[in-house]
Amino acid sequence: MRFFGNIEAKTDAKGRVFLPATFRKQLQVAGEEILVLRTSIHGKCLVLYPESAWNKRLDKISAKVSEWDEDEEMVLRAFMAEAEVLTLDGNGRFLISKRLLQAAEIDQSVRFIGMDDKIEIWAAEKTQEPFMPQPEFASRLKAIMNKPT
């Protein structure tokens, strides 16, 4: 399952928002009903994971965390504590908690950005400008693509 696209939407007064239809269809085809929402590890947006993508990340982190290392356990705890499990209602909406709306500085307008196996949710005003200038993007992408595999 790969999400891509850039779709603007609005939250209602309760913090509910419609998941864009293109993303909903992909989830339905894949049989994904449970979603996990948390703040980005970089703190600038929210990240919505289908359950399978969330579990894949959690398995990777858990495999590296030793229960005997207090600092590592704290990292896992911080990662897990931000997560909220949700499902779409019959209309294709989900509720973003006030805590997460505040953390991502989302007021009413949001932008959904497909990011491979996850979906980012940004305050729309934070996405008015490109994420990086075109020459910098080209240079960084070239460096990434030239990394040995």
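## Exercises on a predicted model

On the surface, F137, L141, I144 and M145 together form a nonpolar patch with about 410 Å² of accessible area. The model examined in these exercises is a predicted one.

**Exercise 1.** Determine which residues make up the nonpolar patch on the surface, and in which helix I144 is placed.

*Solution.* Begin with the members of the patch, which are F137, L141, I144 and M145. Then locate I144, whose place is in helix α5, a run that covers residues 134-145.

**Exercise 2.** Establish where D69 is placed, whether D69 counts as buried, partly exposed or exposed, and which backbone nitrogens its side chain reaches.

*Solution.* The first step is to place D69, which is found in the loop between α2 (51-64) and α3 (70-81). The second step is to read its relative accessibility of 29%, and because buried means under 20% and exposed means over 50%, D69 counts as partly exposed. The third step is to follow the side chain of D69, which reaches the backbone nitrogen of D71 at 3.0 Å, while the backbone nitrogen of E72 likewise lies 3.0 Å from a polar atom of the side chain of D69.

**Exercise 3.** Describe the surroundings of E120, asking which side chain of opposite charge is nearest and with which side chain E120 makes a polar contact.

*Solution.* Start from the position of E120 in strand β8, which spans residues 118-123. Next consider charge: E120 is buried yet has no salt bridge, and K118, the nearest side chain of opposite charge, is 5.4 Å away. Since a salt bridge requires the relevant nitrogen and oxygen to be within 4 Å, the distance to K118 of 5.4 Å does not qualify. Then turn to polar partners, where the side chain of E120 makes a polar contact with the side chain of W122 at 2.9 Å. Finally, leaving aside residues up to four places away in sequence, E120 touches C45, L46, R111, F112, I113 and M115.

**Exercise 4.** For E105 and D116, state the value of the positive phi, the loop in which each is found, and the relative accessible area.

*Solution.* As background, most residues other than glycine have a negative phi. E105, although not a glycine, has a positive phi of about 55°, and it lies in the loop between α4 (98-103) and β7 (109-115). With a relative accessible area of 54%, E105 is exposed. D116 is not a glycine either, and its positive phi is about 70°; D116 is found in the loop between β7 and β8. With a relative accessible area of 37%, D116 is partly exposed.

Key:
Residues are numbered from 1 along each chain as its sequence is written. This is a predicted model: local features need pLDDT of at least 70, side-chain atom pairs count only at pLDDT 80 or more; totals for chains, interfaces and linings use all residues. Side-chain values use heavy atoms; hydrogens and water are left out. Patches are made of residues with over 30% relative accessible area and no salt bridge: like charges are joined within 9 Å, nonpolar side chains (Val, Leu, Ile, Met, Phe, Trp, Tyr) within 5 Å. Accessible areas come from the Shrake-Rupley method with a 1.4 Å probe; for residues, only the protein chains shown count as cover. Helices (H or I, at least four residues) and strands (E, at least two) are DSSP runs, numbered from the N terminus. Buried means under 20% relative accessible area, exposed over 50%, partly exposed in between (1.4 Å probe, protein chains only). A polar contact is a pair of N or O atoms within 3.5 Å; within protein, one must be able to donate a hydrogen and the other to accept it, and residues adjacent in sequence count only if both atoms are side-chain atoms. Lys and Arg count as positive and Asp and Glu as negative; His and the chain ends are not counted. Contact means heavy atoms within 4.5 Å.
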